[in-house]
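Let's take a walk through this protein together, one strand and one side chain at a time. Have the sequence and the 3D view open, and follow along as each residue comes up.

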Amino acid sequence: MKPVAETRIPIKRALLSVYDKTNLAGLAAALYAAGAELVSTGSTAKTIEQAGLPVTRVEDLTGFPECLDGRVKTLHPRVHAGLLADLANHGHRAQLEELDIEPFQLLVSNLYPFEQTVSSGATPPEIIEQIDIGGPAMVRAAAKNHGSVAVVTSPDQYGDVIEALAGGGFTEPERRRLAAAAYAHTAAYDAAVASWFAASYAPDEVAAETGWPNLIAQVWTRADALRYGENPHQKAAIYKTRSSSSSSSSSKSASDGTDGDSARTADGTDPGIASAEVLHGKAMSYNNYVDADSARRAAYDFAQPCVAIIKHSNPCGIAIGANIAVAHAKALACDPLSAYGGVVAANSAVTDAMADQIIDGFAEVVIAPDFDPAAVEILTRKWKNIRLLRCVPPPWAAPWGATEGAGGTTARSIPSFDFRPVSGGMLAQTWDRIDAPGDDPAAWELKAGAAADAATLADLAFAWRAVRAVKSNAILLASGGASVGVGMGQVNRVDSARLAVARAGNRAPGSVASSDAYFPFPDGFEILAEAGVRAVVEPGGSIRDDGVIAAAQAAGVTLYFTGVRHFYH
């Protein structure tokens with residue numbers, strides 16, 4: 001392998017053609033100051049000229065004017081031969097000399113904003129005009145020829161160019177990494193175009209009928225290499241989508257759950273836990289991320305201040321309250337033993353009062369849209385390794401003060417999918433939100449007992465929303481806007497009912513209960529009734545519903561059917 005110093009190629013000639021003009025003038029000035037000839041196109045050349053720098057326009061280089069409304073500018077041998085000539089190949093050098101073509105040592109190019117145009121609601125003709133042709137062709141050419149040419153596709157890389165100029169050019173390993181980034185850039189671009197065609201512009205018959213395109217394409221970039229996976233002998237990393245990568249730098253703008261839109265992705269999807277800002281603590285683990293994602297999902301099912309405490313993807317407690325500290329105290333009271341070492345998620349800023357409560361126990365991770373400075377000081381003073389994550393609210397989170405029925409959130413219609421890999425493939429489904437008609441208590445069907453009063457109905461509405469965060473088979477007992485007993489992950493609903501009642505203890509009498517799916521037999525329901533549960537909400541739909549209804553009538557327990565199931569595996 002050659003020494004690094006021998007692989008540097010001085011930048012004598014640079015081709016600049018960018019849509020995003022951020023810091024362009026500064027880069028051009030640095031190149032010119034280093035003695036590089038500048039060649040450019042259209043508005044890029046104009047920007048360089050306005051900075052008072054000499055620049056050769058591409059049409060002067062090629063002897064051919066831009067045409068077709070700018071669709072054809074750089075698709076010319078004098079451009080592409082200058083990018084593709086392998087200067088280690090004597091035959092290529094001879095041909096360049098014969099054709100009087102000067103090679104480029106640097107290409108600076110970024111592409112038309114296709115994804116942003118789609119997200120803006122533009123018409124198909126407007127979107128098609130933002131499909132870049134010349135840009136990807138140049139980027140791919142320069143990346144292929146990275147032995148001779150460096151390619152830069154983002155203003156974030158301009159500092160590297162200036163540093164390379166001072167060092168005599170990019171080294172071969174540096175050009176190789178730039179080429180890899182360039183191919184990732186064009187791959188993501190092509191994936192976005194192909195996905196739009198498949199889903200919106202030219203769907204096949206199945207896509208037109210079901211909404212599922214024949215192709216789903218996405219590029220994922222590594223956010224971090226983790227210490228290990230679910231177990232210490234497993235390797236792990238976390239990856240995020242390119243759209244969430246672009247939003248992570250602005251995550252600080254969401255301070256209180258009321259205005260996180262500016263930190264969300266351009267296409268309206270959720271940047272999610274992968275883009276959360278770690279304010280304090282040691283590196284997140286694989287299991288930390290899994291539990292933090294589950295906790296955040298649970299907390300944002302409510303418009304009122306809500307806290308969810310999660311361990312192994314199941315809630316130790318979920319509660320709403322007049323403020324976030326009250327909500328945390330109620331959530332912790334559900335099962336303080338299990339909550340020790342769990343992940344705490346809040347849907348509003350963590351206050352000093354909430355922090356004081358957290359340090360009375362122990363939490364691995366606290367995730368929220370923001371933290372009061374006093375809360376950070378309290379938490380970090382007690383634990384130097386506690387992980388504090390600031391994460392913007394998901395797009396479907398309700399604005400403060402919004403309610404639905406007896407107290408919840410109306411999910412916004414965001415076109416995003418829930419993916420799960422399986423061997424040899426991937427399952428895809430729309431996200432399970434609390435947004436079906438049957439999720440509204442006003443649409444519930446009273447099947448047995450007296451109609452619930454306002455307080456009981458509010459608790460049932462809370463329990464119905466909270467049980468969505470519990471792994472199936474799921475039973476949740478609630479009282480006063482808080483879970484008091486949770487039965488999760490059992491292979492039959494009877495055991496889930498027994499577990500929920502056992503965890504509730506003396507709080508079971510007078511509580512309400514929710515079940516994520518129907519009771520296949522009356523026995524599970526009867527366990528709740530015998531424990532003193534006064535009202536139950538469940539989907540219904542079993543061939544033995546009549547037996548469950550009869551059990552409710554015999555016990556004098558109010559029973560509602562929602563007609564909606566919320567399995568969670």
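Begin with a pair of residues that face each other across two strands: Glu277 has Arg390, in strand E13, as its bridge partner. What you are looking at is a predicted model, so please read every value below as computed from that model.

Strand E8 (residues 277-280) is joined to E13 by three bridges, and these two strands run antiparallel. E13 also pairs with strand E12 (residues 363-368), here in the parallel sense and over four bridges. One place to see that second pairing is Ile367, whose bridge partner in E13 is Leu389.

Now look at the side chains of E13 itself, which spans residues 387-390. In a regular strand, side chains alternate between the two faces of the sheet. In E13, Arg387 and Leu389 point one way, while Leu388 and Arg390 point the other way. Which of these residues are buried? All of them are, the two arginines included.

What do those buried arginines meet? Arg390 is linked with Glu277 and Asp370 in a network of salt bridges. Glu277 therefore appears twice in this story: as the bridge partner of Arg390 and, because a salt bridge needs a side-chain nitrogen of Lys or Arg within 4 Å of a carboxyl oxygen of Asp or Glu, as one of the acidic members of that network.

Arg387 has a polar partner of its own. Its side chain is joined to that of Asn288 by a polar contact of 3.0 Å. Asn288 lies in helix H13 (residues 286-299), so take care not to mix up helix H13 with strand E13. With a relative accessible area of 8%, Asn288 counts as buried, because the cut-off for that label is under 20%. Leaving aside residues up to four places away in sequence, Asn288 touches Ala283, Glu364, Val365 and Arg387.

Next, move along the chain to strand E19 (residues 512-515). Val512 and Ser514 point one way from this strand, Ala513 and Ser515 point the other way, and all are buried. E19 pairs with strand E17 (residues 475-478) in the antiparallel sense over four bridges, and Ile475 has Ser515 as its bridge partner there. E19 also pairs with strand E20 (residues 535-538), in the parallel sense and over three bridges. In that pairing, Ala513 has Val536 in E20 as its bridge partner.

Around these strands you can find further salt bridges. Arg493 and Asp516 meet through their side chains at 2.6 Å, N to O. Arg493 lies in helix H19 (residues 493-504) and Asp516 in the loop between E19 and H20, so this pair ties together parts that are 23 residues apart in sequence. Both Arg493 and Asp516 are buried.

Another salt bridge, at 3.8 Å from N to O, joins the side chains of Asp459 and Arg534. Asp459 belongs to helix H18 (residues 454-466) and Arg534 to the loop between helix H20 (522-530) and E20, so the parts being tied together are 75 residues apart in sequence. Is each partner buried or partly exposed? Asp459 is buried, with a relative accessible area of 8%, whereas Arg534 is partly exposed at 29%.

Go back toward the start of the chain for one more pair. The side chains of Glu37 and Arg13 form a salt bridge of 3.2 Å, N to O. Glu37 lies in strand E2 (residues 37-40) and Arg13 in strand E1 (residues 13-18), so the pair connects parts 24 residues apart in sequence. Glu37 counts as partly exposed at 34% relative accessibility, and Arg13 as buried at 6%. In the whole structure, a search finds 13 salt bridges.

For a contrast, turn to the surface. Ile216, Phe419 and Met426 form a nonpolar patch there, with about 260 Å² of accessible area together. Met426 sits in strand E15 (residues 425-430) and counts as partly exposed, at 49% relative accessibility.

Finally, zoom out to the whole protein. Its secondary structure comes to 21 helices and 21 strands, and its C-alpha atoms fill a box of roughly 100 × 60 × 45 Å along the principal axes. Of the 569 residues, 49% are buried. The accessible surface comes to about 25,500 Å², and 53% of that belongs to carbon and sulfur atoms.

Methods:
Residues are numbered from 1 along each chain as its sequence is written. This is a predicted model: local features need pLDDT of at least 70, side-chain atom pairs count only at pLDDT 80 or more; totals for chains, interfaces and linings use all residues. Side-chain values use heavy atoms; hydrogens and water are left out. Patches are made of residues with over 30% relative accessible area and no salt bridge: like charges are joined within 9 Å, nonpolar side chains (Val, Leu, Ile, Met, Phe, Trp, Tyr) within 5 Å. Accessible areas come from the Shrake-Rupley method with a 1.4 Å probe; for residues, only the protein chains shown count as cover. Buried means under 20% relative accessible area, exposed over 50%, partly exposed in between (1.4 Å probe, protein chains only). A polar contact is a pair of N or O atoms within 3.5 Å; within protein, one must be able to donate a hydrogen and the other to accept it, and residues adjacent in sequence count only if both atoms are side-chain atoms. Contact means heavy atoms within 4.5 Å. Two strands pair if DSSP finds at least two bridges between them.
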